[in-house]
Amino acid sequence: MKNESTFLPKGTLITIPSPQKILIIFNPISSAGNTESLAHEYGRFLAHHGIAVEVCESKKKMKSYLPLETAMTGHDLIVVVGGDGTVRKLLPLLSKTDTPVYMVPGGNESLFAHSYGMSANPKDLLRAITDGRCLEQFYGLISGNGIQGEKPFFIMASMGFDSLTIKLIGKRKGPISDSAYVWSGLNALVFLHHPIVTVHVDGQAVIDCQSGYVIVANSAAYARNLQLVPTASPSLKKLVLGFLPDAKRQHELIKALRMLQHKPAGFPLQYFSGESISLTLHSPSYPLQVDGDYFRNRDIEAGSTIKFSISQKPIKVLIHTDLPPCV
(Lines give C-alpha, C1' and ligand atoms only; values in the text may rest on other atoms or scores of the structure.)
Protein backbone atom coordinates (compact mmCIF):
# COMPACT_ATOMS: atom_id res chain seq x y z
CA MET A 1 0.00 0.00 0.00
CA LYS A 2 1.20 3.50 -0.78
CA ASN A 3 1.77 5.57 2.34
CA GLU A 4 -0.41 8.69 1.93
CA SER A 5 0.60 10.24 5.24
CA THR A 6 1.90 13.81 5.02
CA PHE A 7 3.69 13.43 8.35
CA LEU A 8 6.16 10.56 8.47
CA PRO A 9 5.89 8.96 11.92
CA LYS A 10 8.95 8.50 14.10
CA GLY A 11 9.58 6.94 17.47
CA THR A 12 11.12 3.97 19.25
CA LEU A 13 10.64 0.94 17.02
CA ILE A 14 9.96 -2.43 18.66
CA THR A 15 9.00 -5.85 17.35
CA ILE A 16 6.16 -7.87 18.90
CA PRO A 17 5.09 -11.49 18.36
CA SER A 18 2.52 -11.84 15.58
CA PRO A 19 -0.87 -11.17 17.29
CA GLN A 20 -3.07 -14.27 17.59
CA LYS A 21 -6.00 -12.80 19.55
CA ILE A 22 -7.49 -9.51 18.33
CA LEU A 23 -10.21 -7.30 19.80
CA ILE A 24 -12.02 -5.13 17.23
CA ILE A 25 -13.78 -2.08 18.67
CA PHE A 26 -16.11 -0.16 16.34
CA ASN A 27 -17.84 3.18 16.82
CA PRO A 28 -21.41 2.85 15.47
CA ILE A 29 -21.89 6.61 15.08
CA SER A 30 -18.69 7.44 13.19
CA SER A 31 -19.41 9.50 10.11
CA ALA A 32 -18.67 6.79 7.56
CA GLY A 33 -21.78 4.98 8.77
CA ASN A 34 -20.50 1.50 7.95
CA THR A 35 -18.22 0.80 10.89
CA GLU A 36 -20.22 -2.13 12.29
CA SER A 37 -20.33 -4.01 8.99
CA LEU A 38 -16.67 -3.15 8.38
CA ALA A 39 -15.68 -4.47 11.82
CA HIS A 40 -17.40 -7.80 11.19
CA GLU A 41 -15.89 -7.97 7.71
CA TYR A 42 -12.45 -7.59 9.29
CA GLY A 43 -13.36 -10.22 11.88
CA ARG A 44 -14.26 -12.78 9.21
CA PHE A 45 -11.14 -11.96 7.19
CA LEU A 46 -8.81 -12.39 10.18
CA ALA A 47 -10.58 -15.56 11.36
CA HIS A 48 -10.07 -17.01 7.89
CA HIS A 49 -6.33 -16.52 8.46
CA GLY A 50 -6.38 -18.39 11.76
CA ILE A 51 -6.62 -15.44 14.15
CA ALA A 52 -9.07 -15.45 17.08
CA VAL A 53 -11.27 -12.33 16.90
CA GLU A 54 -13.78 -10.65 19.21
CA VAL A 55 -15.88 -7.68 18.04
CA CYS A 56 -17.45 -5.16 20.38
CA GLU A 57 -19.05 -1.70 20.22
CA SER A 58 -17.44 1.44 21.61
CA LYS A 59 -19.05 3.59 24.30
CA LYS A 60 -20.05 7.24 24.43
CA LYS A 61 -18.47 8.03 27.84
CA MET A 62 -14.87 7.37 28.82
CA LYS A 63 -15.89 5.83 32.16
CA SER A 64 -17.86 3.21 30.22
CA TYR A 65 -14.60 1.99 28.68
CA LEU A 66 -13.21 0.80 32.03
CA PRO A 67 -14.78 -2.69 31.81
CA LEU A 68 -12.84 -3.15 28.56
CA GLU A 69 -9.55 -3.30 30.47
CA THR A 70 -9.86 -7.03 31.19
CA ALA A 71 -10.82 -7.81 27.61
CA MET A 72 -7.94 -5.72 26.25
CA THR A 73 -5.44 -7.44 28.53
CA GLY A 74 -6.53 -10.79 27.12
CA HIS A 75 -5.84 -9.78 23.52
CA ASP A 76 -2.63 -9.18 21.56
CA LEU A 77 -3.92 -6.28 19.44
CA ILE A 78 -6.74 -3.72 19.46
CA VAL A 79 -8.18 -2.77 16.08
CA VAL A 80 -10.29 0.40 16.21
CA VAL A 81 -12.85 0.93 13.45
CA GLY A 82 -13.89 4.56 13.84
CA GLY A 83 -12.49 8.05 14.14
CA ASP A 84 -9.95 9.97 16.20
CA GLY A 85 -12.42 10.42 19.07
CA THR A 86 -12.72 6.65 19.48
CA VAL A 87 -8.95 6.23 19.73
CA ARG A 88 -8.72 9.21 22.11
CA LYS A 89 -11.00 7.58 24.67
CA LEU A 90 -8.99 4.37 24.57
CA LEU A 91 -5.56 5.98 25.09
CA PRO A 92 -5.26 5.47 28.89
CA LEU A 93 -6.28 1.82 28.63
CA LEU A 94 -3.91 1.22 25.72
CA SER A 95 -1.09 2.65 27.80
CA LYS A 96 -2.07 0.75 30.96
CA THR A 97 -2.55 -2.65 29.30
CA ASP A 98 0.42 -2.21 26.93
CA THR A 99 -1.76 -3.55 24.10
CA PRO A 100 -0.78 -2.42 20.57
CA VAL A 101 -3.39 -0.57 18.50
CA TYR A 102 -4.24 -0.29 14.82
CA MET A 103 -6.93 2.01 13.40
CA VAL A 104 -9.19 1.39 10.42
CA PRO A 105 -10.27 4.90 9.26
CA GLY A 106 -14.00 5.36 9.77
CA GLY A 107 -14.37 8.95 11.01
CA ASN A 108 -14.57 12.38 9.40
CA GLU A 109 -10.81 12.91 9.42
CA SER A 110 -9.22 9.77 10.93
CA LEU A 111 -5.95 11.68 11.32
CA PHE A 112 -4.49 8.98 13.57
CA ALA A 113 -4.91 6.35 10.85
CA HIS A 114 -3.71 8.54 8.00
CA SER A 115 -0.63 9.60 9.99
CA TYR A 116 0.55 5.98 9.99
CA GLY A 117 -0.59 5.10 6.47
CA MET A 118 -3.40 2.86 7.73
CA SER A 119 -6.21 2.07 5.31
CA ALA A 120 -9.58 0.31 5.18
CA ASN A 121 -8.02 -2.62 3.30
CA PRO A 122 -7.82 -5.70 5.59
CA LYS A 123 -4.81 -7.01 3.62
CA ASP A 124 -2.80 -4.04 4.89
CA LEU A 125 -3.67 -4.96 8.47
CA LEU A 126 -2.68 -8.59 7.86
CA ARG A 127 0.71 -7.47 6.53
CA ALA A 128 1.25 -5.33 9.62
CA ILE A 129 0.25 -8.23 11.88
CA THR A 130 2.65 -10.58 10.14
CA ASP A 131 5.56 -8.14 10.45
CA GLY A 132 4.77 -7.13 14.06
CA ARG A 133 6.48 -3.73 14.06
CA CYS A 134 5.27 -1.12 16.55
CA LEU A 135 6.15 2.49 17.31
CA GLU A 136 6.07 3.76 20.88
CA GLN A 137 4.06 7.02 20.86
CA PHE A 138 3.16 9.45 23.65
CA TYR A 139 -0.14 11.29 24.08
CA GLY A 140 -1.36 14.40 25.88
CA LEU A 141 -3.46 14.86 29.02
CA ILE A 142 -5.82 17.72 29.94
CA SER A 143 -6.76 18.72 33.49
CA GLY A 144 -7.78 21.82 35.40
CA ASN A 145 -10.83 23.80 36.49
CA GLY A 146 -14.07 21.91 35.97
CA ILE A 147 -12.32 18.83 34.54
CA GLN A 148 -12.52 15.62 36.54
CA GLY A 149 -9.21 13.78 36.45
CA GLU A 150 -7.07 13.83 33.32
CA LYS A 151 -8.60 13.64 29.84
CA PRO A 152 -6.43 12.27 27.02
CA PHE A 153 -5.79 13.54 23.50
CA PHE A 154 -3.48 12.36 20.73
CA ILE A 155 -3.56 15.01 17.98
CA MET A 156 -4.25 18.42 19.51
CA ALA A 157 -6.43 20.74 21.56
CA SER A 158 -7.38 24.30 20.67
CA MET A 159 -9.68 27.04 21.85
CA GLY A 160 -11.32 29.98 20.10
CA PHE A 161 -12.45 29.95 16.50
CA ASP A 162 -11.79 26.24 15.93
CA SER A 163 -14.07 25.26 18.79
CA LEU A 164 -17.04 27.13 17.36
CA THR A 165 -16.36 25.71 13.89
CA ILE A 166 -16.39 22.16 15.28
CA LYS A 167 -19.62 22.90 17.13
CA LEU A 168 -21.28 23.97 13.86
CA ILE A 169 -19.85 20.97 12.01
CA GLY A 170 -21.23 18.68 14.70
CA LYS A 171 -24.77 19.66 13.69
CA ARG A 172 -24.26 18.20 10.23
CA LYS A 173 -24.93 14.58 9.31
CA GLY A 174 -22.83 12.23 7.22
CA PRO A 175 -19.22 12.49 6.00
CA ILE A 176 -17.64 15.93 6.25
CA SER A 177 -15.62 17.39 3.38
CA ASP A 178 -13.15 20.28 3.24
CA SER A 179 -15.95 22.48 1.89
CA ALA A 180 -18.08 21.64 4.96
CA TYR A 181 -15.25 22.83 7.21
CA VAL A 182 -14.90 26.00 5.17
CA TRP A 183 -18.65 26.72 5.23
CA SER A 184 -18.88 26.15 9.00
CA GLY A 185 -15.78 28.29 9.48
CA LEU A 186 -17.24 31.18 7.51
CA ASN A 187 -20.38 31.04 9.65
CA ALA A 188 -18.24 31.00 12.79
CA LEU A 189 -16.50 34.21 11.70
CA VAL A 190 -19.63 36.15 12.61
CA PHE A 191 -19.13 35.31 16.30
CA LEU A 192 -15.34 35.26 16.32
CA HIS A 193 -13.47 36.15 19.49
CA HIS A 194 -10.18 34.73 20.69
CA PRO A 195 -9.30 34.08 24.33
CA ILE A 196 -7.03 36.34 26.38
CA VAL A 197 -4.47 34.04 27.99
CA THR A 198 -1.40 33.77 30.16
CA VAL A 199 0.69 30.69 29.39
CA HIS A 200 3.45 28.91 31.32
CA VAL A 201 5.55 26.16 29.72
CA ASP A 202 7.43 23.93 32.16
CA GLY A 203 6.87 26.64 34.80
CA GLN A 204 8.19 29.54 32.73
CA ALA A 205 5.88 32.35 31.56
CA VAL A 206 5.90 32.64 27.75
CA ILE A 207 2.68 34.60 27.08
CA ASP A 208 1.37 37.32 29.39
CA CYS A 209 -2.27 38.34 29.09
CA GLN A 210 -2.50 38.36 25.28
CA SER A 211 -5.37 37.66 22.91
CA GLY A 212 -4.83 35.14 20.14
CA TYR A 213 -5.39 31.78 18.53
CA VAL A 214 -4.13 28.90 20.71
CA ILE A 215 -3.22 25.32 19.74
CA VAL A 216 -1.61 22.69 21.97
CA ALA A 217 -0.41 19.89 19.69
CA ASN A 218 1.00 16.41 20.21
CA SER A 219 1.04 15.63 16.48
CA ALA A 220 1.61 17.67 13.33
CA ALA A 221 -1.33 15.92 11.63
CA TYR A 222 -3.93 18.49 12.70
CA ALA A 223 -5.65 20.28 9.80
CA ARG A 224 -3.79 18.07 7.33
CA ASN A 225 -1.83 20.17 4.83
CA LEU A 226 -2.16 23.44 6.77
CA GLN A 227 0.85 22.44 8.92
CA LEU A 228 -0.11 24.77 11.75
CA VAL A 229 2.21 23.06 14.27
CA PRO A 230 4.69 21.21 12.03
CA THR A 231 7.21 20.30 14.75
CA ALA A 232 4.77 18.44 17.02
CA SER A 233 5.45 14.69 17.22
CA PRO A 234 4.06 11.92 19.49
CA SER A 235 7.55 10.39 19.64
CA LEU A 236 9.18 13.38 21.39
CA LYS A 237 7.44 13.24 24.80
CA LYS A 238 6.81 16.98 24.46
CA LEU A 239 3.81 19.10 23.59
CA VAL A 240 4.06 22.12 21.30
CA LEU A 241 2.07 25.29 21.90
CA GLY A 242 1.28 27.34 18.79
CA PHE A 243 0.09 30.91 19.43
CA LEU A 244 -0.98 33.51 16.86
CA PRO A 245 -1.20 36.84 18.74
CA ASP A 246 -3.96 39.25 17.76
CA ALA A 247 -5.48 36.75 15.33
CA LYS A 248 -7.94 38.41 12.96
CA ARG A 249 -10.83 37.29 10.78
CA GLN A 250 -8.64 37.43 7.70
CA HIS A 251 -6.43 34.71 9.19
CA GLU A 252 -9.39 32.35 9.21
CA LEU A 253 -10.28 33.28 5.64
CA ILE A 254 -6.70 32.57 4.57
CA LYS A 255 -6.79 29.26 6.45
CA ALA A 256 -10.00 28.24 4.66
CA LEU A 257 -8.51 29.12 1.26
CA ARG A 258 -5.26 27.26 1.96
CA MET A 259 -7.21 24.21 3.14
CA LEU A 260 -9.05 24.05 -0.17
CA GLN A 261 -5.74 24.52 -2.01
CA HIS A 262 -4.04 21.82 0.14
CA LYS A 263 -1.27 24.27 1.01
CA PRO A 264 0.41 25.27 4.33
CA ALA A 265 -1.25 28.16 6.14
CA GLY A 266 2.01 30.05 6.49
CA PHE A 267 0.92 31.93 9.63
CA PRO A 268 3.55 33.63 11.85
CA LEU A 269 2.71 31.53 14.90
CA GLN A 270 4.91 31.63 17.99
CA TYR A 271 5.97 28.15 19.18
CA PHE A 272 6.89 26.87 22.64
CA SER A 273 7.48 23.24 23.64
CA GLY A 274 7.62 21.34 26.92
CA GLU A 275 6.20 18.48 28.96
CA SER A 276 3.79 20.73 30.86
CA ILE A 277 1.72 23.69 29.62
CA SER A 278 -0.51 25.79 31.88
CA LEU A 279 -3.03 28.15 30.27
CA THR A 280 -4.99 30.71 32.31
CA LEU A 281 -7.92 32.53 30.71
CA HIS A 282 -8.64 36.19 31.45
CA SER A 283 -11.87 36.19 29.44
CA PRO A 284 -14.44 33.50 28.64
CA SER A 285 -13.61 31.18 25.75
CA TYR A 286 -15.44 28.64 23.65
CA PRO A 287 -15.02 25.08 24.92
CA LEU A 288 -11.89 23.25 23.85
CA GLN A 289 -11.82 21.42 20.56
CA VAL A 290 -9.95 18.16 21.21
CA ASP A 291 -8.97 15.74 18.41
CA GLY A 292 -11.84 17.08 16.31
CA ASP A 293 -14.47 16.74 19.06
CA TYR A 294 -16.24 19.48 21.00
CA PHE A 295 -14.85 19.02 24.53
CA ARG A 296 -17.34 19.65 27.35
CA ASN A 297 -20.35 21.53 25.99
CA ARG A 298 -19.94 24.84 27.79
CA ASP A 299 -17.72 27.89 27.63
CA ILE A 300 -14.54 27.99 29.70
CA GLU A 301 -15.01 30.61 32.42
CA ALA A 302 -12.71 33.57 32.90
CA GLY A 303 -10.10 32.86 35.58
CA SER A 304 -9.96 29.15 34.74
CA THR A 305 -6.61 27.40 34.32
CA ILE A 306 -6.32 24.49 31.91
CA LYS A 307 -3.26 22.25 32.22
CA PHE A 308 -1.75 20.13 29.46
CA SER A 309 0.85 17.45 30.13
CA ILE A 310 2.46 14.54 28.31
CA SER A 311 1.80 10.91 29.21
CA GLN A 312 4.58 9.22 31.14
CA LYS A 313 4.01 5.89 29.41
CA PRO A 314 3.62 5.55 25.63
CA ILE A 315 1.18 3.48 23.62
CA LYS A 316 2.23 0.97 20.96
CA VAL A 317 1.05 1.62 17.40
CA LEU A 318 1.18 -1.24 14.91
CA ILE A 319 2.61 0.10 11.65
CA HIS A 320 3.02 -0.97 8.04
CA THR A 321 6.18 -2.56 6.73
CA ASP A 322 6.42 -0.05 3.87
CA LEU A 323 6.85 2.95 6.17
CA PRO A 324 10.41 4.32 6.11
CA PRO A 325 12.82 3.43 8.95
CA CYS A 326 11.94 5.34 12.12
CA VAL A 327 14.37 6.79 14.65
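A residue counts as buried when its relative accessible area is under 20%. By that cut-off, proline 19 is buried, because its relative accessible area is 1%. The model examined here is a predicted one, and proline 19 is a convenient place to start reading it. This proline sits in the loop that links strand E1 (12-15) to strand E2 (21-26). Leaving aside residues up to four places away in sequence, proline 19 touches Ile51, Asp76, Leu77 and Ile129. Leucine 126 lies 107 residues from proline 19 in sequence, yet the two C-alpha atoms are 9.9 Å apart in space.

It helps to place this residue within the whole chain. The protein chain has eight helices and 18 strands. Of its 327 residues, 55% count as buried. When contacts between residues at least 6 apart in sequence are considered, 75% of them join residues at least 24 apart.

Ile129, one of the residues touched by proline 19, also takes part in the packing of two helices, H1 and H5. The axes of helix H1 (residues 35-48) and helix H5 (residues 122-131) come within 10 Å of each other and cross at roughly 45°. Angles from 65 to 115 degrees count as roughly perpendicular and those under 35 degrees as roughly parallel, so H1 and H5 are described as oblique to each other. Their crossing is right-handed. On the H1 side, the contact is made by Tyr42, Phe45 and Leu46, while H5 supplies Pro122, Lys123, Leu125, Leu126 and Ile129.

Helix H3 invites a closer look along its length. This helix covers residues 84-97, 14 residues in total, and its first and last C-alpha atoms are 20 Å apart, close to the 20 Å expected at 1.5 Å a residue. Even so, H3 carries a kink of about 45° at leucine 90, shortly before proline 92. The helix is mostly covered, with twelve of its 14 residues buried. Among these buried residues are Leu90, where the kink lies, and the neighbouring Leu91, together with Asp84, Arg88 and Lys89. Just after H3, aspartate 98 takes a positive phi of about 65°.

Most residues other than glycine have a negative phi. Two further residues can be read against that background. Cysteine 209, which is found in strand E11 (residues 204-217), has a positive phi near 55°. Lysine 237, in the loop between E11 and strand E12 (239-245), has a positive phi of about 60° although it is not a glycine. How exposed are these two residues? Partly exposed covers the range between under 20% and over 50% relative accessible area, so cysteine 209, at 44%, is partly exposed. Lysine 237, at 24% relative accessibility, likewise counts as partly exposed.

Strand E11 also holds alanine 217. With a relative accessibility of 1%, alanine 217 counts as buried. Its contacts, not counting residues up to four places away in sequence, are with Ile155, Met156, Val229, Ala232, Leu239 and Val240. One of these partners, isoleucine 155, is 62 residues away along the chain, with its C-alpha atom 6.1 Å from that of alanine 217.

Technical notes. Residues numbered from 1 in each chain as written. Predicted model: local features only at pLDDT ≥ 70, side-chain atom pairs only at ≥ 80, totals over all residues. Heavy atoms only, no water. Helix = DSSP H or I, 4+ residues; strand = E, 2+ residues; numbered from the N terminus. Expected span 1.5 Å × (residues − 1). Bend = angle between axes of the 7 residues up to and from the residue. Buried < 20%, exposed > 50% of the residue type's maximum accessible area, 1.4 Å probe, protein only. Contact = heavy atoms within 4.5 Å. Axes fitted to C-alpha atoms, helices over the stretch in contact; angles between N-to-C directions. Parallel < 35°, antiparallel > 145°, perpendicular 65-115°, else oblique. Left-handed = near helix turned anticlockwise from the far one by under 90°.
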